[in-house]
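This report examines a single protein chain, moving from individual residues to the chain as a whole. The sequence and coordinates are shown below for reference.

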Amino acid sequence: PSHPGAVLDDIIPAMGKSKAEIARLLGMSRAMLYDILGERKPITPNVAAKIGKLVGNGPAIWLRMQASYDAWHAEREVDVSHIPTLDAA
């Protein structure tokens with residue numbers, strides 16, 4: 001799955017605003033926005049609420065994208081081979 005920052009980076013040009021203006025509208029620093037767009041920072045619930053309002057689709061989609069991205073990476077990076085799978089009693 002794509003990082004939600006990459007998705008946001010793809011849709012910013014259609015908004016007709018610079019990235020600096022988008023950061024200002026979101027109430028965050030340009031550095032923070034660039035970290036999100038560069039996939040170095042996650043979309044937090046607070047940021048998802050702001051982006052969801054700005055683009056008009058609500059926070060849930062941004063949080064789902066982040067959760068999917070995080071889960072995909074965790075499945076590949078975390079060694080769980082030593083953890084048993086328990087059956088319900």
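## Glutamine 66 and its surroundings

Glutamine 66 is placed in helix H5, which covers residues 60–77. The model is a predicted one. Glutamine 66 counts as buried, because its relative accessibility of 5% falls under the 20% cut-off. Setting aside neighbours within four places in sequence, glutamine 66 is in contact with His3, Pro4, Pro42 and Ile43.

Two of these partners, His3 and Pro4, deserve separate treatment. Histidine 3 belongs to the segment before helix H1 (4–15), whereas proline 4 is in helix H1.

## Histidine 3 and proline 4

Histidine 3 has a relative accessible area of 3% and is therefore buried. With neighbours within four places in sequence left out, the contacts of histidine 3 are Ile36, Glu39, Lys41, Pro42, Gln66 and Tyr69.

Proline 4 is likewise classed as buried, at 0% relative accessibility. Not counting residues up to four places away in sequence, proline 4 touches Ile43, Trp62, Met65 and Gln66. The C-alpha atom of proline 4 is separated by 11 Å from that of arginine 40, a residue 36 positions apart from proline 4 along the chain.

## Glutamate 39 and the loop between H3 and H4

Glutamate 39, one of the contacts of histidine 3, sits in the loop that joins helix H3 (30–37) and helix H4 (45–55). Its relative accessible area is 38%, so glutamate 39 is partly exposed.

The backbone of glutamate 39 also merits attention: phi is near 65°, a positive value in a residue that is not glycine. Most residues other than glycine have a negative phi.

## The nonpolar core

Which residues of the largest nonpolar core touch the most other members? This core has 14 residues, and the answer is Leu8, Met28, Leu33, Ile43 and Ile51. Helices H1, H2, H3 and H4 each contribute at least two residues to this core. In soluble globular proteins, nonpolar side chains tend to be buried together.

Leucine 8, one of the residues just named, is in contact with Met15, Leu33, Leu37, Ile51 and Trp62 once neighbours within four places in sequence are left aside. Two of these contacts, Leu33 and Ile51, are also among the core members that touch the most others. Ile43, also in that group, is touched by proline 4 and is in contact with glutamine 66.

## Exposed and partly exposed positions

Lysine 53 lies in helix H4 and is exposed, because its relative accessible area of 70% is over the 50% cut-off. The C-alpha atoms of lysine 53 and aspartate 35 are separated by 20 Å, with the two residues 18 apart along the chain. Alanine 49 lies in helix H4 and counts as partly exposed, with 38% relative accessibility. Between the C-alpha atoms of alanine 49 and isoleucine 61, which are 12 residues apart along the chain, the separation is 10.0 Å.

Glycine 27 occupies the loop between helix H2 (19–26) and H3. Its relative accessible area is 58%, and glycine 27 is therefore exposed. Glycine 27 and glycine 56 are 29 residues apart along the chain, and their C-alpha atoms are separated by 16 Å.

## The chain as a whole

The chain contains five helices and zero strands, giving the order α-α-α-α-α from the N terminus on. Its radius of gyration is 16 Å, whereas a compact globule of 89 residues would have a value near 12 Å. Along the principal axes, the C-alpha atoms fill a box of roughly 55 × 25 × 20 Å.

How many of the 89 residues, as a percentage, count as buried? The figure is 22%. The chain exposes about 5900 Å², of which carbon and sulfur atoms supply 56%. Among contacts between residues at least 6 apart in sequence, 49% join residues at least 24 apart. The contact between histidine 3 and Gln66 is an example from the sections above.

The charged side chains comprise 10 positive and 10 negative ones. The centres of these two sets lie 15 Å apart.

Key. Residues are numbered from 1 along each chain as its sequence is written. This is a predicted model: local features need pLDDT of at least 70, side-chain atom pairs count only at pLDDT 80 or more; totals for chains, interfaces and linings use all residues. Side-chain values use heavy atoms; hydrogens and water are left out. Helices (H or I, at least four residues) and strands (E, at least two) are DSSP runs, numbered from the N terminus. The radius of gyration is taken over C-alpha atoms; the globule rule is 2.2 Å times the number of residues to the power 0.38. Buried means under 20% relative accessible area, exposed over 50%, partly exposed in between (1.4 Å probe, protein chains only). Contact means heavy atoms within 4.5 Å. Accessible areas come from the Shrake-Rupley method with a 1.4 Å probe; for residues, only the protein chains shown count as cover. Lys and Arg count as positive and Asp and Glu as negative; His and the chain ends are not counted. The place of a charge is taken as NZ of Lys, CZ of Arg, CG of Asp or CD of Glu. A nonpolar core is a set of buried Ala, Val, Leu, Ile, Met, Phe, Trp, Tyr and Cys residues joined through side-chain atoms within 4.5 Å.
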